[in-house]
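Student: Could you take a close look at one helix for me and walk me through what it packs against? I'd like the angles and the contacting residues in one go.

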Amino acid sequence: MMNGAKVVVARDIRTFFTNFYGVGFRNIVVVLDTVIFAFILSAAVPSEAVGGLTYLQFFALGSIVVSIFWASYNIGRDVYWDRESGFLNYLMSLPISRMDVIVGRSLGGSIRGILTALPLYVLAAILVPTTIVNVLESIGVLFIFALGLCGLGITSALSVRDETRARLLNTFISLALIRSSTALYPIVAMPVWLQVGTRLNPVTYATNSIRSVTVFSSQAIFPGFDISIVVAFAAVVGLVGSWVFSRMIEGGPAD
Amino acid sequence: MLVIAKRDFYAHFSNFSNNLWLFMFFITGAVFWAVSLGRLVLVANYFQFLIVGLMVLGVYNTSFNYMNVVSTELRRGYMKYFLALPLSRGGLTIGRVLAGAAEGIVYVAILFAFAVAMIGFPSLVGALIIFATVIIISFCLSSLGLAIATHFKPAVIDPMSDALGVVLIFFSTLYYPINLMPQPMRFVTMGNLLSAGANLMRAGFGLQQVSMTDFGVLLIWGLLFGLLSIRGYYGQLKELG
C-alpha cells in the first residue's frame, strides 16, 4: 500500500476509536438487540421461516451486517465534516498524493467497519456452528461490501452542501437499505411490495452471503450469485464515490 | 409557565419540514419493521401489538430526548437569559416539563392516526384511555429526561441516558409480550413505565384488558420523576442566581 494512504487509514481508525464510548455503546446495543430481542422472539418464530436457523442465529448474523453498515457508511459523514472544518485542505497540503487520500479514506472506513463488527463475530461464533475458515471468508466478503458502503457514504455526503440535508439523506439511505433488506427478517415474511425493493437492495445480498458463508454445513452451496452482486456493488459504488471525492478535491465543493 | 412551554414548542417545530421528514422516516421504518415481523412472529395480533409498541417508542424518542435541549442550554449558559426574563422560577420549571410533554403528544397524535389506519378506531372509552396514557407517559418521560439533565454532570448525561434507554426499551412490552420473557425479566418489565404505557394503549385499542396496576405504575413514576425534575431544574436556577 502507498505510504500516504497508510497514514490516512491509520488516522481514520484512530479518530473513529477515539470516540470509544460511542463505538462501544453501539456494539452493546446491537449485542443486546440480539441476546434479548431476538432471543425472546425466537420462541415465536418458526425455524423454517428463517432458513432452518433459529431467529436468534438469523438475527445475530444479520446484525453483523448492520454494524458494518453503520461504521463504514459513516465515513461519508467524516469526509463531510473534514470538508466543512477545513481539515481536508490541511490534508491536501501534506506530501501525500490525492489518490492516497481517496484510497485511504475508503480503506480506513472498511477496516474500522470490520474492527467494529469483531465482537459480534464472537457472539455469532457462540451461537452458530462455524469454523475459523468460515469466519475468515465471511470477513473477506464483508470487507468488500464495506468498500462499497464507504463509496456510498462519501457519494451521499458530498452530494449535498447543507448539513441538515446531508443528515436527512444519510438517515433516509441507512433506514431504507437496512429495513428493506434481509438483515433483520427473512424475505418470506415481507409483503410482496417490500420484496421487490429487497431484491434490488445490495444489503440483502451481503446479508445472504454472510449467512451462507459463516454457518458451517457439509452440504453448503457457495453463494456465488450473492457474492458477485456484492462485488459488483462495491466496484460500481466505490468508483463513483472515488470520482465524487476526487472531483471535490480538484474542483472545490460539489454543490 | 405558558410562555416557556410555547417558546420551546415553537422552537422545536420551527424547522417543520426537517422534523416532518425525520418523522416520516421513522414511520416508514416502523411500517417495514411491523409488516415483516407481524407476518413472521407466531403471536396472535402481533402486527397490531407491535404498532402500538412503536407508538410508545415514538413518544419516548421525543419526550425523553427533550433532555438534550435542556442539557445543551445548561452547558452554553443559556439559562441565564431565562433568569433575566420577567418570569417566576416555578413557572420556568413547570413550563419546561410541559413543553417536553407537549412535543411528545404532537408526535403521538400523528402516530395515533397511523395506528388507527392500521388497527381501526378505538371506542370512546378506549380513546379516552389512550389520551390519558399519552399525557401521563409524555409527562413521565420528559420529567425523567429533565431530572437526568439537571442532576448529573454533562459527561455522565449521555452514558446514563443511553443505559437507561436500553433498560427501558428492552425490558418492556414494546416489542414482545410479557409471556415470552424469561421469569426474572418479567419482574422488571411489570414496573417499567414503557410497558405500562404500551399495555394501557393496547387496552385502549381493545387488544387487551385494562389494568389498574399499569395506571398505578405510570402515576407513581410520573409523581417521582415530576418531583425530581422540578427539584433539579429549580436547583439549577437557584445556583445561577
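Tutor: Here is a tour of helix α3 of chain A, with its surroundings sketched along the way. Keep in mind that this is a predicted model.

Some background on the chain comes before the helix. Chain A has 11 helices and zero strands, so the pattern along the sequence is simply α-α-α-α-α-α-α-α-α-α-α. Its C-alpha atoms fill a box of roughly 55 × 40 × 35 Å along the principal axes. A compact globule of 255 residues would have a radius of gyration near 18 Å, and the 19 Å of chain A agrees with that. Of those 255 residues, 46% count as buried. Among contacts in chain A with a separation of 6 or more, 80% join residues 24 or more positions apart.

Now for the helix itself. Two packed helices are described by the angle between their axes and the distance between the axes.

Take α7(A) as one partner. The α3(A) helix covers residues 55–73, and α7(A) covers residues 132–159. Their axes come within 8 Å and cross at roughly 45°, which makes the pair oblique. The crossing is right-handed. On the α3(A) side, the contact uses I68(A), F69(A), S72(A) and Y73(A). Facing them from α7(A) are L142(A), F145(A), A146(A), L149(A), C150(A), L152(A) and G153(A). By class, that gives nine nonpolar residues, two polar and no charged.

The other partner to look at is α10(A), residues 202–214. Here the axes come within 9 Å and cross at roughly 130°, so α3(A) and α10(A) are oblique to each other as well. This crossing, too, is right-handed. From α3(A), the residues involved are L61(A), G62(A), I64(A), V65(A) and F69(A); they meet V203(A), A206(A), T207(A), I210(A), R211(A) and T214(A) of α10(A). The class count for this contact is seven nonpolar, three polar and one charged.

Put the two lists side by side and F69(A) turns up in both: it belongs to the contact with α7(A) and to the contact with α10(A).

One last bit of context is the neighbouring chain. The contact between the chains takes 25 residues from chain A and 24 from chain B. On the chain B side, α2 (16–40) and α8 (154–170) each supply at least two residues, with α2(B) giving the largest share, 13 residues. That side of chain B has 18 nonpolar, four polar and two charged residues.

How values were computed. Residues numbered from 1 in each chain as written. Chains lettered and ligands numbered in written order. Predicted model: local features only at pLDDT ≥ 70, side-chain atom pairs only at ≥ 80, totals over all residues. Contact = placed C-beta atoms within 7 Å. Helix = DSSP H or I, 4+ residues; strand = E, 2+ residues; numbered from the N terminus. Nonpolar A, V, L, I, M, F, W, Y, C, P; charged D, E, K, R; others polar. Axes fitted to C-alpha atoms, helices over the stretch in contact; angles between N-to-C directions. Parallel < 35°, antiparallel > 145°, perpendicular 65-115°, else oblique. Left-handed = near helix turned anticlockwise from the far one by under 90°. Rg over C-alpha atoms; globule rule 2.2 N^0.38 Å. Buried ≥ 20, exposed ≤ 12 C-beta atoms within 10 Å, placed from the backbone.
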